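Colleague: I have a structure open and do not know how to read it. Could you take me through some of its features, one at a time?

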Amino acid sequence: MDLSLLESLASVGADAPVPPIARRPAHLVGNTPVLWIDEPFAPPGRGFHAKLEGTNPGGIKDRPGLYMVREARRRGELAPEAPIVESSSGTLGLGLALAGLTYGHPVTVVTDPGMEPSMVRLLTALGAHVEQVAAPHPDGGWQRARRERVAELMARTPGAYCPDQYHNPDNTAAYRPMAAELMAQLGRVDVLVAAVGTGGHSAGIAAGLRESCPELRLIGVDAVGSTIFGQPAGSRLMRGLGSSIHPSNVDYAAFAEVHWVGPAEAVWACRQLARRHYASGGWSVGAVALVAGWVARTYPVGTRIATVFPDGPHRYLETVYNDAWCREHDLLGHEPPPEPGVIGEPDERVVTGWTRCGRVRDPLAREAVAKAELSQPLLSGVLTR
């Protein structure tokens with residue numbers, strides 16, 4: 001590195017505005033920075049803008065954690081000092097711990113053995129009670145098992161409140177301010193690449209951006225083994241995106257296409273981000289970076305691409321960034337292909353690695369239509385007798 005570059009780097013931030021002093025930790029949430037990402041995901045001059053939500057105190061779900069609790073209090077659904085109980089794989093737990101501290105509520109986070117021990121310790125240190133389910137549900141996996149435990153806790157805890165992040169429209173509304181932040185930072189957004197788990201941030205940000213950018217193209221990123229977009233449920237190493245249930249917050253009509261990404265591909269992307277850009281995170285971060293890089297390589301020059309990095313790398317030091325753990329799961333040495341595989345229908349075949357599909361539909365709506373079509377001849381027969 002030459003001396004002039006070192007000097008320019010040393011001066012970075014010298015004239016930057018001094019951020020205001022936060023009086024409460026909740027005041028640190030939002031107004032997160034954007035980082036330009038190019039190589040090795042895209043050639044120089046072509047890349048994408050990553051919104052670094054890991055710079056929030058707990059990550060992206062500080063936003064809905066605070067918003068859902070605030071709105072429940074405003075509507076009278078959550079009484080002062082009443083307990084909050086919710087299912088989480090980690091990041092929303094941090095957001096609810098922050099909300100509990102901010103508004104004065106005890107918080108119980110129901111999770112499963114897949115939650116990293118470091119995350120359990122952190123949540124406990126932040127004042128949350130962590131309860132783990134012991135076995136997955138035979139049909140709905142860990143998520144359904146967690147949600148059933150939440151229901152049990154709610155039944156025996158009078159006055160308890162569950163935000164229900166999968167189906168709560170406040171989860172979506174909490175992300176509208178991020179759209180305003182992106183517009184202020186980028187001026188316009190042509191393509192938004194978003195990981196999909198509960199469906200909240202993809203729906204909320206896209207709706208907000210379309211008020212100024214009506215031609216916005218939304219690309220969803222899911223995990224292999226997830227049922228959200230019509231694939232069959234399977235075992236998933238990746239946490240934070242994907243689901244074994246169908247969250248009603250997913251706005252299927254808003255998506256132009258969906259990509260499924262496998263864990264080895266996400267690990268490769270996470271490690272490249274860390275080494276090349278000093279900014280990385282977990283499974284969702286690696287998955288969206290892989291897809292956003294493909295968009296940057298294949299879309300016309302000048303397309304303004306944004307994505308969201310939901311968290312930072314720290315909770316993944318014993319998984320994504322642990323060579324021994326990655327070797328145990330055969331996740332190293334698998335550089336992703338330059339292009340994803342393609343399927344014409346979301347349920348055309350079971351995907352095991354990076355794959356895209358240009359048709360997006362609500363799989364539950366399709367099932368409802370199929371059932372209606374099957375029942376129609378029987379109904380007609382009854383009516384004509």
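**Reading helices, loops and contacts**

Modeller: Start with a loop residue: at 65% relative accessibility, E81 counts as exposed, the cut-off for that word being over 50%. Keep in mind throughout that this is a predicted model.

Colleague: Where is E81 in the chain, and what is its phi?

Modeller: E81 sits in the loop that joins α2 to β3. Its phi is positive, about 70°, although E81 is not a glycine.

Colleague: Which residue in the loop between α9 and α10 has a positive phi?

Modeller: That is Y278, which lies in that loop and has a phi of about 55° although it is not a glycine. Y278 counts as exposed because its relative accessibility is 81%. A further positive phi, of about 80°, belongs to G104, just after α3.

Colleague: What about the peptide bond from E39 to P40?

Modeller: There you look at omega. For the bond from E39 to P40 omega is near 0°, and the bond is cis. P40 is in the loop between β1 (34–37) and β2 (48–52).

Colleague: Now helices. How do I read the length of α3?

Modeller: Compare the reach from first to last C-alpha with the span expected at 1.5 Å a residue. Helix α3 covers residues 91–103, which is 13 residues, and reaches 19 Å, close to the expected 18 Å. Helix α5 (residues 141–155) has 15 residues and reaches 22 Å, close to the 21 Å expected.

Colleague: How many residues of α3 are buried?

Modeller: Eleven of the 13, so α3 is largely enclosed by the rest of the structure. Buried here means under 20% relative accessible area. The buried residues include L92, G93, L94, G95 and L96. Among the elements that cover them are α2 (62–75), β3, β4 and α4 (117–125).

Colleague: Which residues of α5 are buried?

Modeller: First the general idea: an α-helix has 3.6 residues a turn, so residues three or four places apart point the same way. In α5 the buried residues are G141, Q143, A145, R146, V150 and L153. You can look for that spacing in the list yourself. The cover over these residues includes β3 (84–87), β4 (107–111) and β5 (129–132).

Colleague: How do I read a pair of helices, such as α7 and α8?

Modeller: Take the angle between the axes, then their separation. For α7 and helix α8 (residues 200–210) the angle is about 50° and the axes are 7 Å apart. The two helices are therefore oblique to each other, and their crossing is right-handed. On the α7 side the contact is made by R176, M178, A179, L182 and M183, which meet G204, I205, A207, G208 and L209 of α8. By class, seven of the contact residues are nonpolar, two are polar and one is charged.

Colleague: At what angle do α9 and α10 pack?

Modeller: Helix α9 (residues 263–277) packs against helix α10 (residues 283–298) at about 90°, with the axes 7 Å apart. That angle makes α9 roughly perpendicular to α10. Residues of α9 in this contact include P263, W268 and L273, while those of α10 include W283, V285 and L290. The contact of α9 with α10 has twelve nonpolar residues, one polar and one charged.

Colleague: Last, single residues. Is V189 buried or exposed?

Modeller: V189 is buried, because its relative accessible area is 1%. A loop residue can be checked like any other, and V189 is in the loop between α7 (176–186) and β6 (191–195). Leaving out residues up to four places away in sequence, V189 touches M183, L209, C213, L216, R304 and A306. Position along the chain and position in space are separate readings. V189 and P169 are 20 residues apart along the chain, and their C-alpha atoms are separated by 24 Å.

Colleague: And what does M68 touch?

Modeller: With the same sequence neighbours left out, M68 touches L92, Y161, P163, Q165, N168, D170 and N171. M68 is in helix α2 and is buried, with a relative accessible area of 0%. One of its contacts, L92, is itself among the buried residues of α3. For distance, take T111: it is 43 residues from M68 along the chain, and the C-alpha atoms of the two are separated by 19 Å.

How values were computed
Residues numbered from 1 in each chain as written. Predicted model: local features only at pLDDT ≥ 70, side-chain atom pairs only at ≥ 80, totals over all residues. Heavy atoms only, no water. Helix = DSSP H or I, 4+ residues; strand = E, 2+ residues; numbered from the N terminus. Expected span 1.5 Å × (residues − 1). Buried < 20%, exposed > 50% of the residue type's maximum accessible area, 1.4 Å probe, protein only. Contact = heavy atoms within 4.5 Å. Axes fitted to C-alpha atoms, helices over the stretch in contact; angles between N-to-C directions. Parallel < 35°, antiparallel > 145°, perpendicular 65-115°, else oblique. Left-handed = near helix turned anticlockwise from the far one by under 90°. Nonpolar A, V, L, I, M, F, W, Y, C, P; charged D, E, K, R; others polar.
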